[in-house]
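Open your viewer, get comfortable, and keep the selection box at hand. We will walk through one chain stop by stop, and each stop tells you what to select and what is there.

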Amino acid sequence: MSRVVKILFFVFPAILVACLFLGCSEDRKVDIPPPVEPYLKIETGLLPLSSHGERAELVFSTNESWDIVTETEDKEKDWYRVLPLSGDAGDDIRVTVEVDSNNAYTDRTFSLVLKSESLDERIEVRQLKKNVILLGENRYEISFEEQTLTVEVRSNVSYLVEIGAGADWMREEARLHSGELNRSSHCFRISRNESESARTGVIVFTDPSSALSDELFVVQSGWEDPTPELTALKSIYESAGGPGWTHRDNWCSDAPLSDWYGVETDADGHVTGLRLSRNNLSGIISEKISQLIYLQHLDLSWNDLRGEISTNVNGHMRSALDDLLELETIDFSHNRFEGFLPDNWYKFEKLHYLNLSFNQIKSWMSTLWDPMFTNGRTVDLILNNNYLYGEIPAAIQNHPEWNRLALQMIRQNRTGSGGLHYDKAVYLPDFTFTDLSDGSERSMREVYSNSKLTMLLHWDPLQSSSGEFISTTVRRLHTLFGGQGFSVVGITPEGDEYREAARRYIREHNITWTAVTDYRDAEGRRLVLPDYPYPSYLLIDGSGKLQMDMFNGQYFPSEGELGESSVMDLLTFIHADYVNRFFKDLFGESSYESRDYTMDKQYETLQRSSKGSGIDIVVVGEAFTDIDIETGFYRDVMKFALESFFSIEPAKTYRDYFNVYMVYAVSRKAYIGDDRDQVALGTIVDLDQMIDNRLDKLPDYVYRPVVSGNTPFVSVVINNHSAGLTWMGKPYIRPSYSFSGYPPGSRRYLRGNLLHETIGHGFGLLGDEYSDGYVTGEIPDYRKDELRASQKKGWCYNVSLTNDPHSVYWSHLIGHARYPYVGIYQGGYYYDLGVWRSEDKSVMRDSKSNLYFNAICRELIVKRILELSGEEYTFEKFLEKDSDEGRPGGGSSGFGLFRSKETGYVHHPPIVMDEFN
């Protein structure tokens, strides 16, 4: 079988299994590591063997099974033996090679052919001949020190002495005759070996007049450090920026090692502890740390150390700590280490605490560490806030302490890696704590079991961002849903400073939820919970089951074209929007009712025009309570509305022509129903689950900020609803009122609604380009008459009752070099047949998928902008600035969104108003 075929034979099944696994679950995508390349490495070869007979070892490593065959031209094969001749994969595999004495005056050889499943190596084994010149052995093994080597020679011929390999560190300095016939002593001066590696030299004794010769092999060992621990510490100091350390007392001095800052020693002076946390270490960890073989505790946390946590050696991830078998605790947290998790740390049989959290380690969770979690053993494996991915090994998931272990590793930055996956649910272990507000002792289980949902909030009372998060998101959610079973337990870092700061914060901000600094489980341990960065939180249901882990910096899927960051920031509208959906799904509508109406009808200017006479847009919210306004959520939604108006062309280019005002409207409840009095603007849900409004309350809000005397365009954002509807007013006489539903957790949904209703219908006076999706067929006569009446007013020019390319309003765009995609497409104005539009896709056809105004819609909007701003419109002006940025490709989007099967009604045909109604 060829080598390539063998590789495919082993690799292909693994790839097939991985593909089947990934194909079965879209929700559990796992980055499968690439297959390990086969390797076969000779660790220690074979020197020439003595003529007197000798036993030696061949040492090699391979990740495949192996076997050995021997080859020789010597007919007599019984002078050598090799055992074993086969075996399994492994490291430091040892094969014994034994030879009998060689009484011949010539060398003899045989070959070992070492074969793995994919690779092979040929090793020549040489046994030296019987000496004819030298007395004694053919090989001398000497120490690393400088020394003189004396070699006895017996010969009755003249011979030459030549130094081959090793001439740079061996020289003959004397030759002495003993007085006895045929005997001489040769003295060779051997220099000191400064290297830690052994070296081999060859001295050749040759009779130039005959074939007689002998070779002497000199093997000098590598330099042995007499103070390896001292050397290791000095090397660590140099590689980790020692001169810049915050504390470096006695380092690299003659003081005992126990007096060096952060160094602990035992009674014999061996280094057992190295604790340099928060000490401004910067750089890398020296490889010489491997010489601290007595080390038990290593803490280099909260520094600026970098580099690979391990390196690839023949397919194995090895580290400088691999041989420090006395280690009990390792803390490398809060540094910048990268790379893969080391393979061999499972050998640390005394290890009980390993903290690698808050680094940049990108690795899968290897099953090689399984021994840490078998036979009742547990290691606190703290890996949060790295880039780990793949499946958490079964040995950890099935461990009796799974819940505690899970909370130490599940918080991963998921950008590009997919995060860690696990099959078992995670339940918060119980612990007791002292409530800082009243000093009472309580159980965490008592809290969550009496609640429908509990936020385990991690906050720093000395940090401004924690305070901001509490005063906005936590306050809002606790106010809205506290009466429906939502509780909060806030945990601070340990220490008197945090305890006192938390008490002060509770007092000054009238905190009504539980705050904690000290807590312990039944065994007296402070659980390692996902806490940093502050603020962050876990959501726990009534059974203690973990429902959500949220923190700054985690991967967060943005919604398509919105252009938002994929890294979570808890202080942004993105987070508030996301968590809204979770709470709405769990609690339904909030039972909270507003108490403070002082902000009702107050307003702010969000944007001032810098071009033209200024076109006024007023944005106001419906079904937002006083707490939504007090905590800034209302304003965040309105600012999102503002950015949505100008997120696509042509409003994006013409943004400077608009004034945008925000008016506060305080509703009694946070959702609309069938009672007009429960919301500020009197909106209700009708029998068809569509919205209805008499518009009588709106002017009192709309005209508050408008001082220009111009007729404004009004955008109403409806909280906790999905509908969209516009009352289209006659230009310059009365406003257009556009209502856009905002379902919880649907920023993109709201953006599409706003673009369709406010910019499309309310401002652009555009017609709908979608068909119903439930009612198909040809447009009826009454709809034709309705459309013709609208077009007489100058509205709805983006749809047509004819497919004649010379008669449609966009005929000038058909065939234009700038717009090769403009044509005539059937379907629009709510019907499949008898009505046509200019392009396949547009936000006026599908506001959920296509955030794009087609060319004729862009032109109509630009025309309106320039006319309302007092500027003359020309087609050339339109062409000069027009952009089709964001134009979607692909096929038809289907029926659009008149109604949605998921959320009920979305868009309703606009209601046309004139000066009399």
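The tour starts with the whole chain and then moves to selected strands, cores and charged pairs.

**Stop 1: the whole chain**

Please keep in mind that this is a predicted model. Show everything as a cartoon: the secondary structure comes to 15 helices and 50 strands. The radius of gyration is 40 Å, well over the 29 Å that the globule rule gives for 917 residues, so the chain is more spread out than a compact globule. Along the principal axes, the C-alpha atoms fill a box of roughly 140 × 75 × 50 Å.

Now switch on the surface. The accessible surface comes to about 40600 Å², and 48% of it belongs to carbon and sulfur atoms. Of the 917 residues, 51% count as buried. Among contacts with a separation of 6 or more, 68% are between residues 24 or more positions apart.

**Stop 2: strand 7 and its partners**

Select residues 108-116, which make up strand 7. Is this strand enclosed or open to the outside? Seven of its nine residues are buried, so strand 7 is largely enclosed by the rest of the structure.

Add residues 66-71 to the selection: this is strand 3, which pairs with strand 7 in the antiparallel sense over six bridges. To see one of these pairings, label D67 and its bridge partner in strand 7, K115.

Next, add residues 120-127, or strand 8, which pairs with strand 7 in the antiparallel sense over eight bridges. Strand 7 and strand 8 form a hairpin, with three residues between them. Label L114 and you will find it opposite E121 in strand 8.

**Stop 3: a salt bridge across the chain**

Show the charged side chains. Side chains of opposite charge can pair when their charged atoms come close. A search of the whole structure finds 49 salt bridges.

Select R318 and D91, whose side chains meet in a salt bridge at 3.2 Å, N to O. This pair links distant parts of the chain: R318 is in strand 22 (residues 316-318) and D91 is in strand 6 (residues 90-99), 227 residues apart. R318 is partly exposed, with a relative accessible area of 26%, and D91 is also partly exposed, at 33%.

**Stop 4: a salt bridge between loops**

Move on to E326 and K350, where the side chains meet in a salt bridge at 2.5 Å, N to O. E326 is in the loop between strand 22 and strand 23, while K350 is in the loop between strand 24 and strand 25; they are 24 residues apart. Both partners are partly exposed: E326 has a relative accessibility of 28%, and K350 has 42%.

**Stop 5: a salt bridge within a helix**

Select residues 496-509, helix 7, and show E500 and R503. Their closest N and O atoms are 2.8 Å apart, in a salt bridge. How far apart are these two along the helix? They are three residues apart, which is about one helical turn. E500 is partly exposed, at 42% relative accessible area, as is R503, at 32%.

Then select D380, E401, R404, D521, E523 and R525 together: salt bridges that share partners join them into one network.

**Stop 6: two nonpolar cores**

Where should you look in the largest nonpolar core? This core has 87 residues, and V717 and F853 have the most contacts inside it. Helix 14, residues 855-868, gives the most to this core, with nine residues. Apart from it lies another core, of 70 residues, among them W260, M372, L405 and Y519.

Back at V717, display its surroundings. Beyond its neighbours within four places in sequence, V717 is in contact with residues including V619, F624, M638, S740, Y742 and L754.

**Stop 7: T758 in helix 12**

Select residues 747-763, helix 12, and find T758 in it. T758 counts as buried, at 2% relative accessibility. Leaving out residues up to four places away in sequence, T758 touches F645, S715, S738, S740, N753 and F763.

**Stop 8: a three-stranded sheet**

Finish with an open sheet of three strands in the order 45-47-46, with antiparallel pairing. Strand 45 (799-800) and strand 46 (825-828) stand at the edges, each with a single partner strand, so one side of each is left without a neighbour in the sheet. Strand 46 pairs with strand 47 (residues 831-837) over three bridges. For a last label, pick Y825 and its bridge partner in strand 47, R837.

How values were computed
Residues numbered from 1 in each chain as written. Predicted model: local features only at pLDDT ≥ 70, side-chain atom pairs only at ≥ 80, totals over all residues. Heavy atoms only, no water. Helix = DSSP H or I, 4+ residues; strand = E, 2+ residues; numbered from the N terminus. Buried < 20%, exposed > 50% of the residue type's maximum accessible area, 1.4 Å probe, protein only. Contact = heavy atoms within 4.5 Å. Core = buried A, V, L, I, M, F, W, Y, C linked by side-chain atoms within 4.5 Å. Pairing = 2+ DSSP bridges. Rg over C-alpha atoms; globule rule 2.2 N^0.38 Å. Areas by Shrake-Rupley, 256 points an atom, 1.4 Å probe, with all protein chains shown as cover. Salt bridge = Lys/Arg side-chain N within 4 Å of Asp/Glu carboxyl O.
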